[in-house]
Amino acid sequence: MKIDFCKEELVLRVYPTIGGCFQEGWMVLKNHFLILFLAVILAALLDIPMGYKQYLENAGDSYSVGISFFNLIGFVYYVMIITPFNYGFDWIYLSAARKKEPQFEEILSGFKKYLVVILSHLLVIGITGFGFILLIIPGIYLLCKLVFVPYLVMDKNVDPIQAVKLSYYLTKGYFWTIFGMGILSFFIIILGIICLVVGVFVSLVWIHSAFAVLYKAVDELHFKEACVLAGVEIKEE
């Protein structure tokens, strides 16, 4: 983490860095390994139907009949089932990053904000998809700028549009940090593959923990400023 002195507030501020987030993320992994590891296992099990859909697509003409139908079913399954679970997973990682004891049943917390979760994710898909259609670089930029949307939806009392706006302004000045963490995550996964299947799961826990640490740090530093810039007034739940 990068430490800076704020003259206006007469306090030391700790700014997140790529190495700092992964270092603290490793501590989160060690302190809450079992529950976070089980969450990753559950996520992998939920992805099995998506893998079967991909298998049918790769099977070629012998399975050509009904492929479009399976694509539709796969998309609905991903958005309506996997997405709320993924938001619940992010909430567990954030709780762990905040040094709270995550509860396994919190994996279902995404379903408590079901409509907001679904609409937020569809909005992110639409925005980033449009960016990738324009050119790859705008898509990558928007993907990095909207990385905090799941955390904001689960952590704050916001609607989908507010979550997108806040994520955009919260990530102000952190694009290269987020992009660098994404690149490093790729190599961590490769390292996990080299260490066989278990290594992949450990890698995923580490990566998710690091991004939760990043959100936690940026939220503490810049949330009020982001609310002002986004023109968002948060109502207490």
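**A friendly note on this predicted model**

1. Let's start with one pair of helices: H2 and H10 are roughly perpendicular to each other. Helix H2 covers residues 33-46 and helix H10 covers residues 196-230; their axes come within 9 Å and cross at roughly 110°. That angle falls in the 65 to 115 degree range, which is why the pair counts as roughly perpendicular. Please keep in mind as you read that this is a predicted model.

2. Who takes part in this contact? On the H2 side you will find Phe-33, Leu-36, Phe-37, Val-40, Ile-41 and Ala-44, and on the H10 side Phe-201, Val-202, Leu-204, Val-205 and Ser-209. By type, the residues of the contact of H2 with H10 are ten nonpolar, one polar and no charged.

3. Now step back to the whole protein. It has ten helices and two strands, and along the sequence the pattern reads β-β-α-α-α-α-α-α-α-α-α-α. In other words, the two strands precede the ten helices.

4. Some totals help to set the scene. The protein has 237 residues, and 44% of them count as buried. Its accessible surface comes to about 13300 Å², with 70% of that belonging to carbon and sulfur atoms. Among contacts with a separation of 6 or more, 69% are between residues 24 or more positions apart.

5. A second helix pair is worth a look. Helix H1 (residues 18-31) and helix H9 (residues 175-194) have axes that come within 9 Å and cross at roughly 55°. H1 and H9 are therefore oblique to each other, and their crossing is right-handed.

6. Which residues of H1 and H9 meet? From H1 come Ile-18, Cys-21 and Phe-22, while H9 brings Trp-176, Thr-177, Gly-180, Met-181, Leu-184, Ser-185 and Ile-188. The residues of the contact of H1 with H9 divide into seven nonpolar, three polar and no charged.

7. Finally, a single residue to find on screen: Leu-146, in the loop between helix H6 (136-145) and helix H7 (149-155). Is Leu-146 buried or exposed? Its relative accessible area is 6%, so Leu-146 is buried, the cut-off for buried being under 20%.

8. What surrounds Leu-146? Apart from its neighbours within four places in sequence, Leu-146 is in contact with Val-124, Ile-127, Thr-128, Val-164 and Ser-167. Leu-166 makes a useful landmark too: Leu-146 and Leu-166 are 20 residues apart in sequence, and their C-alpha atoms are 8.7 Å apart in space.

Key
Residues are numbered from 1 along each chain as its sequence is written. This is a predicted model: local features need pLDDT of at least 70, side-chain atom pairs count only at pLDDT 80 or more; totals for chains, interfaces and linings use all residues. Side-chain values use heavy atoms; hydrogens and water are left out. Axes are lines fitted to C-alpha atoms, for helices over the stretch in contact, and angles run from 0 to 180 degrees between N-to-C directions. Helices (H or I, at least four residues) and strands (E, at least two) are DSSP runs, numbered from the N terminus. Angles under 35 degrees count as roughly parallel, over 145 as roughly antiparallel, 65 to 115 as roughly perpendicular and the rest as oblique. A crossing is left-handed if the near helix is turned anticlockwise from the far one by less than a right angle, and right-handed if clockwise. Contact means heavy atoms within 4.5 Å. Ala, Val, Leu, Ile, Met, Phe, Trp, Tyr, Cys and Pro count as nonpolar, Asp, Glu, Lys and Arg as charged, and the others, Gly among them, as polar. Buried means under 20% relative accessible area, exposed over 50%, partly exposed in between (1.4 Å probe, protein chains only). Accessible areas come from the Shrake-Rupley method with a 1.4 Å probe; for residues, only the protein chains shown count as cover.
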